[in-house]
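Trainee: I would like to go through this model step by step, strands and cores included. Where should we begin?

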Amino acid sequence: MGLRSRITAWITGVLVVMSLFFYAFVHHQSRSVYLGCLDAALVTWGEQVTQEAVGAGGLSLHQGVDASSRFSGVPHLSLGLFLEGAGGASGADRFWAASGALEAELRAHRDLLGVARRKGRPVAETVVLGSGTFRLMALPPLGTGGTGSMVFAPVSAHPQGTEELSVRFALAVICLFLVVMAGGFLYSWYLIRPIELLRDVSEKIAEGNLDEGVQFSGSAEFVSLSHSINRMRRSIAETLRESEFQNQALVDKGKELGASNRELERAIFQANQMTSEAEIRSYELEHEVVQRRQAEEALRSSEEKYRTIVENMKEGYCEVDREGHVTFVNKAMCEITGYGLDEMKGMHRGHFILEESREQVLLAFERLFDGGEDVAEFDYPILRKDGRRRHIGVSVSLIRDASWERVGYRTIVRDVEARKRYEEELIYMAYHDPLTGLKNRKAFYERLEHDILRAKRYGGQVVLFYIDIDRFKKVNDTLGHEAGDEVLQEITRRLVENLRQCDCVARVGGDEFAVVLDNAGGCEVDVVFRKVVSMLAQPYQVGDRIVDYVSGSVGVASFPEDAVTANDLIRVADSAMYLAKRGGQETSTDCLEERV
């Protein structure tokens, strides 16, 4: 909460307390005045009634004095008008009717007469009876031996003429409250406004704005405070300007010192650098001498280890110079080539390479030596001293001198004869039938495509015989599969012996064979055809039995008359073979004669 709010709240609280206190005081005083007037009227009326009662025979109020007529005619009883409203006999009647109804309750307060008699003066008391609140007044006797009297009147909560007193007082309190609130706000504004101005100026000074001052009028204290703040502002501004001048001077001086320090540091650095370089050079020379000694020792040690390892290797090892002469070999290399150590040294590398592949192998070595690679691996056949051929596999790496120039190469040699033999067997199995040794379907198809391509390029004719063995299943069923294998082997022997070596004979199925006539234009195809059919129809000796029911159906197709591709040529020959199987071999012969 701000200072202005606290001042306004404090003034409002004081005003509220004062208003409540004033209200309570006025209410108490107005009630006292009202009761005082009522007591005076009761005393007057009581004395009058008492005098009249005594003159009439000494009757008291409670003995039923008929005072109604007197009440209306006595001027000083006009107070009854204030209490009951308009005066008159009707008002008196109501008053006495109430007195009769309250007689039993009034008798309970007769001790008030004794109090008035003792004190010798009227005594008043406000009591609450069944019909409301009443003011009782006890009068002492008028003379010695006389009787006292007690009169009463109802106490009104709002006497006539005072009904709007509370409302008027409340309005006066509200107006006073508003006036005091406005005054408190103006006073707080008048008190707080200079403080707020001082706060704004202080914030500007804290932010570095020293151009604006503060001016107050009115209160001498605030005017004096504004002058003090302005003097402080001017003093701070002057101090800042002096500080700026001093800082600029220090900066300039620092730059000069910095330049001097840099020059000095550069000179010190150069001196240290020269000293360090001299020390490093001295250390390098010492270290180089030590390293050279260590290198020589390591070289001798490594050469011994290297020679030991090379001599005990199972693989052959060979070093060759730039011209291709052998400079070093181990024992394993001598065993592979069959030459001795003395014979190998100085020998040219192409001496023991097989003649048919020598040029290719030497060219591979040259490409390695002149190319960008340092390592290579390849296989080639060699010719041992005893004249036997052997395949070797070599791993070749270049030898470089200290300047990284190529001066030769070294090879690790392995005897791969067994591996080559195994590879050749795999290749043979991939292209030959294991039972008959003839080419299989894959080799036959490649040979046929090769012959067709050659015939297309150079011109010529390719003739294909497609053979199916008739009634071969009967041999397997009656004599067994071993007998069938013997028949197939005999068919193979007959075809190979009766055809040219350049012709291709292949087994393309269980009992199917194919023959490709090489350079068919140089032979009589119909003669070859009849010869094949005739020799297939001859009886076969299987153990101690003669098989004379086996023959062959042959289909013939030629390139380029019947087809121009290998697949089409096989399809045409196969169709011709099935035609011959259905119509007899003569049909196939007639067709062949027509083509020829």
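Trainee: How many bridges join strand β7 to strand β8?

Mentor: Keep in mind that this is a predicted model. Strand β7 covers residues 389-400 and strand β8 covers residues 406-415, and the two run antiparallel. One pairing puts Gly393 opposite its bridge partner Arg414 in β8. The number of bridges joining β7 to β8 is nine.

Trainee: Which strands stand at the edges of the open sheet?

Mentor: The sheet has five strands with antiparallel pairing, in the order β5-β4-β8-β7-β6. An edge strand has a single partner, so one side of it is left without a neighbour in the sheet. The strands that fit are β5 (326-329) and β6 (375-383).

Trainee: Which helix packs on the sheet?

Mentor: The sheet itself has a twist that averages 25° from one strand to the next. The helix in question touches β6, β7 and β8, and its direction makes about 125° with that of β7. It spans residues 417-431 and is α12.

Trainee: Which residue in the turn between β4 and β5 has a positive phi?

Mentor: Three bridges join β4 (residues 316-321) to β5, and the strands run antiparallel. They form a hairpin with four residues between them. In that turn the phi of about 95° belongs to Gly324.

Trainee: What is the bridge partner of Cys318 in β5, and how many disulfides does the structure hold?

Mentor: In β5, Cys318 has Val329 as its bridge partner. Cys318 is buried, with a relative accessible area of 3%. Its sulfur is 9.2 Å from the closest cysteine sulfur, in Cys334, which is too far for a bond. The partner is Val329, and the number of disulfides is zero.

Trainee: Which element gives the most residues to the largest nonpolar core?

Mentor: That core has 30 residues, and Phe465, Ile467, Ile491, Leu495, Phe513, Val532 and Val554 touch the most other members. Among the elements giving two or more residues are β9 (462-470), α15 (481-498), α16 (525-537) and β14 (551-559). With seven residues, the one that gives the most is α16.

Trainee: How many residues are in the other core, which lies apart from this one?

Mentor: Within the largest core, Ile467 has contacts that include Leu495, Phe513, Val532 and Val554, leaving aside residues up to four places away in sequence. The other core lies apart and has Val326, Met333, Met347 and Val394 among its members. Its residue count is 27.

Technical notes: Residues are numbered from 1 along each chain as its sequence is written. This is a predicted model: local features need pLDDT of at least 70, side-chain atom pairs count only at pLDDT 80 or more; totals for chains, interfaces and linings use all residues. Side-chain values use heavy atoms; hydrogens and water are left out. A nonpolar core is a set of buried Ala, Val, Leu, Ile, Met, Phe, Trp, Tyr and Cys residues joined through side-chain atoms within 4.5 Å. Buried means under 20% relative accessible area, exposed over 50%, partly exposed in between (1.4 Å probe, protein chains only). Contact means heavy atoms within 4.5 Å. Two strands pair if DSSP finds at least two bridges between them. Axes are lines fitted to C-alpha atoms, for helices over the stretch in contact, and angles run from 0 to 180 degrees between N-to-C directions. A disulfide is a pair of cysteine sulfur atoms within 2.5 Å.
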